[in-house]
Amino acid sequence: MTPENTQSRPWWKHDSAYVDDGAQIGDGTKIWHFSHVMGGATIGEGCSLGQNVYVANGVSIGKGVKIQNNVSVYEGVILEDYAFCGPSMVFTNVRTPRSEFPRNTSADYTVTRVGRGASIGANATVVTGVTLHEGAFVAAGAVVTRDVPAFTIVAGVPARPIGFMSASGDRLDFSGGDTVTDSAGHTYQKFSDTDVRRLA
């Protein structure tokens, strides 16, 4: 089935997807097979939710966000504009889960923030309470247990910095100096190992 807007609304969902009453969905967003958006979720315009995506109450998703297949976005997660969640990546939202002693109310959840343009690779895990700053890049299979600075690439278990990447996806090599211009013409400056900024 193609994503034709035949449902008299400015966003589209596949017939097998569920969007509960009260959910706020932006114009042009597409919600694919077997996905479920809870009524307290907010999703911006121009987003894509792949097959079998779950979006919980209280979740905030910005514009232009892409969430690939088999991702659950739990309460406490904030995805800023143009964030990317790769296939089967995992968010957690409770620091010390116990089945016998449930921690399943909004007060139990900690906030995880994925900054503008940040990307999370396939099968990566992002432990609750961390922030991925603007343009951060998490490699496939990584386990993120601490904040990731802007435009920094992390990989491994636990995830550690291995380099830098521009907003447009170019590796940034600062070996020749503190400033680098990427293929899109944007200039980045490295102030320290944890502080890279886009200047223009």
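**Strand pairing, nonpolar cores and side-chain contacts**

Residues up to four places away in sequence being left out, V138 is in contact with S119, I120, G121, A124, L132, V144 and V154, where contact denotes heavy atoms within 4.5 Å. The model is predicted: local features require a pLDDT of at least 70 and side-chain atom pairs a pLDDT of 80 or more, whereas totals for chains, interfaces and linings use all residues. Numbering starts from 1 along each chain as its sequence is written, and side-chain values use heavy atoms, with hydrogens and water left out. V138 belongs to strand β19 (residues 137-138); helices and strands are DSSP runs numbered from the N terminus, of at least four residues for helices (H or I) and at least two for strands (E). V138 counts as buried because its relative accessibility is 0%, the classes being buried under 20% relative accessible area, exposed over 50% and partly exposed in between (1.4 Å probe, protein chains only). The C-alpha atom of V138 is separated by 29 Å from that of K13, which is 125 residues away along the chain.

I120, a contact of V138, also touches F84, C85, G86, M89, F91, V114, V126 and L132, again not counting residues up to four places away in sequence. I120 is one of the residues that touch the most other members of the largest nonpolar core, together with V37, I67, L79 and F91. This core comprises 40 residues, a nonpolar core being a set of buried Ala, Val, Leu, Ile, Met, Phe, Trp, Tyr and Cys residues joined through side-chain atoms within 4.5 Å. Another core, of eight residues, lies apart from the largest one and includes A150, F164, L172 and F174. Nonpolar side chains tend to be buried together in soluble globular proteins.

The strand that holds V138 is part of an open sheet of ten strands with mixed pairing, in the order β1-β4-β7-β10-β13-β16-β19-β21-β22-β23. Strands are taken to pair if DSSP finds at least two bridges between them. At the edges of this sheet are β1 (12-13) and β23, each of which pairs on one side only. Within the sheet, β10 (residues 66-67) and β13 (residues 84-85) run parallel and are joined by two bridges, with I67 facing its bridge partner C85 in β13. I67 is thus found both in this bridge and among the residues with the most contacts to other members of the largest core.

A further open sheet has six strands, paired in parallel in the order β3-β6-β9-β12-β15-β18. Its edge strands, β3 (24-25) and β18 (131-132), each pair on one side only. Three bridges link β12 (residues 77-79) to β15 (residues 112-114) in the parallel sense, and R113 in β15 stands opposite I78.

Antiparallel pairing occurs among the strands that follow. Strands β24 (residues 179-181) and β25 (residues 187-192) pair antiparallel over three bridges, with T179 matched to Q189 in β25. The two strands form a hairpin with five residues between them, and G185 in the turn has a positive phi of about 90°. Strand β25 is also joined by four antiparallel bridges to β26 (residues 195-198), through a hairpin of two residues; S192 has D195 in β26 as its bridge partner.

Four aromatic pairs were counted, rings of Phe, Tyr and Trp (its six-membered ring) being paired if their centres lie within 6.5 Å, with planes under 30 degrees apart taken as stacked, over 60 as edge-to-face and the rest as tilted. F151 and Y188 form an edge-to-face pair, with 5.1 Å between centres and 75° between planes. F151 lies in the loop between β20 (143-144) and β21 (152-155) and Y188 in β25, so the pair ties together parts 37 residues apart in sequence. F151 is buried at a relative accessible area of 3%, and Y188 is buried at 0% relative accessibility.

Both rings are also contacts of S166, as are L172 and D182, leaving aside neighbours within four places in sequence. S166 lies in the loop between β22 (160-165) and β23 (171-172) and is buried, its relative accessible area being 2%. The side chains of S166 and D182 are joined by a polar contact of 3.1 Å, that is, a pair of N or O atoms within 3.5 Å, of which, within protein, one must be able to donate a hydrogen and the other to accept it, residues adjacent in sequence counting only if both atoms are side-chain atoms.

Charges placed over rings were found as well: R9 lies over the face of W11, at 4.3 Å from the ring centre, and R197 over that of F191, at 4.1 Å. The criterion is NZ of Lys or CZ of Arg within 6 Å of the ring centre and within 35 degrees of the ring normal.
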